[in-house]
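Visitor: Please take me through one part of this structure slowly. I would like a close look at a metal site and at what surrounds that site.

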2 protein chains.
Amino acid sequence: MAKVKITETVLRDGHQSLLATRMRLSQMLPQLEALDAIGYKSLEAWGGATFDSCLRFLDEDPWERLDTLKAHLKTPIQMLLRGQNLLGYYQYPDDVVRAFVKKAAQHGIGVFRIFDALNDTRNLKTAVEAAKEAKAEVEHSVEVQGCLVYTVGGPHTIAEFGKLAKELDAMGVDSICIKDMSGLLKPYDAYELVKELKASTKLPIQLHTHYTSGFGSMAYMKAIEAGVDVIDCALSPFAMDTSQPCTETMVAALEGTEYDTGLDRQAMTPIAKHFLGVKKEIIDEFGLKGYFDVNPNVLDFQIPGGMLSNLVNQLKEMGMADKYQDLLDEMPRVRADLGYPPLVTPSSQIVGTMATFNVMTGERYKMVPDEFKKLARGEFGRTPQPVNPEVLEKCGIKEEDLVTCRPADLLEPGMDKFKAELADKGFPNASEEDVLSYALFPAVAEEFFKKRTVKTLKELGVANPTDEDVLLYNLDAEVAKKFFAAK
Amino acid sequence: MAKVKITETVLRDGHQSLLATRMRLSQMLPQLEALDAIGYKSLEAWGGATFDSCLRFLDEDPWERLDTLKAHLKTPIQMLLRGQNLLGYYQYPDDVVRAFVKKAAQHGIGVFRIFDALNDTRNLKTAVEAAKEAKAEVEHSVEVQGCLVYTVGGPHTIAEFGKLAKELDAMGVDSICIKDMSGLLKPYDAYELVKELKASTKLPIQLHTHYTSGFGSMAYMKAIEAGVDVIDCALSPFAMDTSQPCTETMVAALEGTEYDTGLDRQAMTPIAKHFLGVKKEIIDEFGLKGYFDVNPNVLDFQIPGGMLSNLVNQLKEMGMADKYQDLLDEMPRVRADLGYPPLVTPSSQIVGTMATFNVMTGERYKMVPDEFKKLARGEFGRTPQPVNPEVLEKCGIKEEDLVTCRPADLLEPGMDKFKAELADKGFPNASEEDVLSYALFPAVAEEFFKKRTVKTLKELGVANPTDEDVLLYNLDAEVAKKFFAAK
Ligand SMILES: [Co+2]
Ligand SMILES: [Co+2]
């Protein structure tokens with residue numbers, strides 16, 4: 001019997017889920033060798049919100065973080081990639097996607113976990129192809145993992161997920177991940193789903209869930225009994241609540257059974273102790289909560305508890321607190337109108353806001369936010385079922401407005417444009433990595449580049465670098481060095 | 001297929017585990033009718049540490065609390081009773097045990113869950129008999145539930161638990177509870193254990209666990225697959241961490257399966273919302289934490305994380321921080337010497353302290369605390385295996401010092417003595433309930449009685465009652481009333 005393997009998420013999803021992605025590289029470094037020695041299938045450590053957080057909050061260059069991680073780890077480093085959206089919120093042109101994936105592989109990514117929020121495989125195509133091409137270009141092994149985003153309701157049956165798995169298989173991925181980002185996967189459904197996927201493809205199946213509704217470990221257990229190959233877990237201080245099931249717990253639960261992971265739980269104790277300290281540091285530094293109540297209500301509305309509270313507050317502010325039940329009833333109707341998208345960012349916000357508007361105005365689709373129209377038009381990709389034609393009409397979307405092709409086919413190449421923009425902003429010598437950072441998070445990246453130059457200038461002895469000093473250095477670092485040395 | 005039933009613990013073990021047993025009756029009252037309507041198998045709401053906490057911290061009479069609960073609930077009220085120890089820390093004479101159980105039944109207890117920390121059934125005998133007798137004395141139904149305290153190591157095999165179940169069955173209990181107070185029960189062991197118990201007895205089997213090590217819901221799931229009849233759960237705000245698995249989660253996980261509980265999850269939402277507010281109130285009022293990291297290390301040492309930290313701090317204070325690993329190694333040896341007692345209060349403290357002394361002094365059993373000697377002598381009952389004779393010798397315990405009979409057989413009757421003591425202290429008219437409260441927690445109860453009289457006197461218009469006023473009222477309330485009215 002094949003042993004169950006574990007992907008450790010403490011370096012990415014663990015702190016993204018519990019502590020707003022605020023873990024610094026310096027807080028990871030002391031335990032990288034120890035983590036590397038455990039024998040994990042992979043260490044998820046990059047992508048997701050870490051890229052944005054590095055630039056925005058932690059003053060870290062995400063590419064440098066990846067280099068450092070790679071220098072300390074033999075275990076494959078996994079990144080989470082949002083298909084054509086990369087790590088941002090909109091779709092990028094194919095050349096940007098290709099460049100990003102290639103660079104990520106060059107800097108050390110060993111597992112590309114690629115998903116699309118609508119399960120539209122056309123949105124995975126370029127990223128998957130680029131990751132496959134990267135295999136030949138880097139020395140370390142590269143695994144291309146396709147995701148199926150788990151959701152329930154409407155057309156989302158276990159048989160449909162089986163078909164999706166076959167589609168991913170046909171695209172040439174190396175493995176398939178069931179991505180249950182909202183923690184909706186019930187244990188006995190997990191069993192059926194894994195059985196179905198195992199019947200649909202010979203590829204290894206990995207399961208990723210969140211403990212939000214409390215199913216986490218139960219779903220893993222039934223998935224394991226159905227033959228799942230890999231589960232995603234987080235070490236104890238970064239496990240449970242809205243994060244993954246606990247690594248040590250799952251290892252212990254399987255010890256001595258036919259599913260034994262073979263991992264040394266005692267070796268995890270000092271690592272967990274370190275990260276418990278890190279957790280306390282982050283909670284203190286950023287004033288975060290770090291602990292969350294189990295929230296089975298997420299099953300009913302499929303939107304995060306925090307977002308639901310916000311919508312309810314909006315109602316209250318409008319003096320419509322009594323419409324709470326109407327809002328709860330309206331949300332699944334809006335989702336059905338949209339063709340049952342999985343409710344994840346940004347579709348969860350779009351559905352929630354639209355439902356709130358419908359309830360507030362008392363007339364459905366009287367006020368329609370632009371984002372709703374984009375999703376309805378097909379700008380994010382194909383919704384699982386066609387959008388309700390009446391709703392399209394109310395939104396003033398005509399047949400000919402619909403995007404039926406792969407949305408990225410409508411996009412002009414972007415790398416040269418982003419490079420030119422950066423040059424205009426005073427960074428004519430930006431590296432390709434910097435261009436990619438800028439493409440993903442323009443304002444944040446620009447701010448980061450300036451701060452980075454200020455830091456460099458201070459190291460060069462410029463006590464209080466001015467905007468002009470920064471510009472000069474970015475225009476020509478060598479000239480600038482001579483200039484400042486001469487001053 | 002029989003539906004799985006649920007015992008709800010939000011009114012007892014939930015807040016005992018997460019919030020130091022600080023929930024007030026007033027915080028329960030608003031949702032009692034709603035809880036009653038759910039269809040729980042029972043509501044655990046009394047016993048355990050609630051009795052002590054009522055008197056010590058909440059200024060509530062535990063008997064009055066029980067009356068009020070009973071007045072609002074048709075669902076059987078469950079209490080946790082520590083066999084011959086009742087709710088205290090030492091064994092009580094049989095007449096006290098009988099009187100306590102009878103009174104508890106009269107005040108409304110519908111399920112007596114009775115356990116002994118050493119699994120010595122002789123310590124359950126009187127309480128079980130008294131609870132069986134109570135069936136004929138009260139109008140509501142009474143269930144007598146015998147516990148097997150789950151532990152691992154040494155002689156604690158699944159076959160041995162099967163034998164224990166047969167012993168409990170022969171004593172005439174109505175059902176058997178697997179009491180996994182430390183959360184040690186691994187899911188696949190839960191499966192085997194329930195199968196064994198089901199083969200050993202026809203009695204309903206209930207499972208009680210804590211999420212401490214993260215096994216909780218997995219253990220329930222495998223126990224359910226093995227045929228367990230009832231599981232103990234807590235509503236979401238008081239679930240998980242060191243408490244029970246979440247009620248709503250388990251209901252949702254089983255929905256639509258052959259194990260469906262049939263309970264209405266939606267009806268639980270407003271109740272959970274109320275108790276989330278209560279949780280916040282208690283955290284604020286008492287400055288408590290309320291949230292705990294999952295702690296799989298409990299599996300290795302079987303003692304609560306907090307206690308381990310205390311022992312480690314003791315080592316540090318002695319300048320012996322480097323002896324940490326020695327301490328970890330010594331604990332299982334001490335437990336083996338004592339014949340492998342389950343590690344619960346007080347045996348966990350006794351083993352931990354003894355191991356610390358052994359490591360600190362550098363010579364095993366050079367310094368031996370009295371409590372250790374008591375346990376070794378058999379004063380708490382029969383240890384699962386005989387105590388190591390070498391250790392008995394080092395402790396100066398001779399063959400003839402050993403307690404081999406049922407320890408309570410050595411105790412003189414106690415009710416008259418406690419009543420006389422209370423009279424001496426100025427409470428000659430104490431009710432039997434008060435005598436029992438005093439028997440369990442003498443100093444705390446006396447203090448509570450005084451405060452209670454002060455409150456009554458203030459209601460009678462005595463602005464600042466003196467000690468003498470209190471004494472007068474307790475000696476003769478009617479005379480006192482006339483006296484104060486005349487003043
Ligand atoms: Co995730
Ligand atoms: Co308990």
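Guide: Here is a walk from the metal site out to the strands and helices around it. Keep in mind that this is a predicted model.

Start with the cobalt ion (ligand 1). Which protein residues are its donors? They are Asp13(A), His208(A) and His210(A). Asp13(A) offers an OD atom, and each of the two histidines offers NE2. The donors lie 2.0 to 2.1 Å from the ion.

Now look along the chain. The donors of this cobalt ion (ligand 1) follow the spacing D-x194-H-x1-H. Asp13(A) sits in helix H1 of chain A, residues 13-19. His208(A) sits in strand E7 of chain A, residues 205-209. The two are 195 residues apart, and the pair links distant parts of the chain. Are these two residues buried or exposed? Asp13(A) is buried, and His208(A) is buried too.

Next, follow strand E7(A) outward. E7(A) belongs to a barrel of 8 strands in chain A. Their order is E1-E2-E3-E4-E5-E6-E7-E8, and they pair in parallel. On average, neighbouring strands of this sheet are turned by 30° against each other, direction ignored. On one side, E7(A) pairs with strand E8 of chain A, residues 230-233. That pairing is parallel and runs over 2 bridges. In E8(A), Val230(A) is the bridge partner of Gln206(A).

Helices pack on this sheet as well. Helix H9 of chain A, residues 187-200, touches E5, E6 and E7 of chain A. The direction of H9 makes about 160° with that of E6(A). Helix H8 of chain A, residues 158-170, lies across strands E5 (143-149) and E6 (175-180) of chain A. H8 runs at about 155° to E5(A).

Step back for a moment. UniProt, in an unreviewed entry, places the feature "domain: Pyruvate carboxyltransferase" at residues 4-269 of chain A. That span is 41% helix and 16% strand. Its end C-alpha atoms lie 20 Å apart.

Finally, turn to chain B and the cobalt ion (ligand 2). Its protein donors are Asp13(B) through OD, with His208(B) and His210(B) through NE2. They lie 2.0 to 2.1 Å from the ion. Their spacing in sequence is D-x194-H-x1-H. Why does the pair Asp13(B) and His208(B) tie together parts that are 195 residues apart in sequence? Because Asp13(B) lies in helix H1 (residues 13-19) and His208(B) in strand E7 (residues 205-209) of chain B. Both Asp13(B) and His208(B) are buried.

Conventions. Residues numbered from 1 in each chain as written. Chains lettered and ligands numbered in written order. Predicted model: local features only at pLDDT ≥ 70, side-chain atom pairs only at ≥ 80, totals over all residues. Heavy atoms only, no water. Donors = N, O, S within 2.8 Å, 3.2 Å for Na, K, Ca; no water. Helix = DSSP H or I, 4+ residues; strand = E, 2+ residues; numbered from the N terminus. Buried < 20%, exposed > 50% of the residue type's maximum accessible area, 1.4 Å probe, protein only. Pairing = 2+ DSSP bridges. Axes fitted to C-alpha atoms, helices over the stretch in contact; angles between N-to-C directions. Contact = heavy atoms within 4.5 Å. UniProt positions renumbered as here; feature names shortened; annotations may be inferred.
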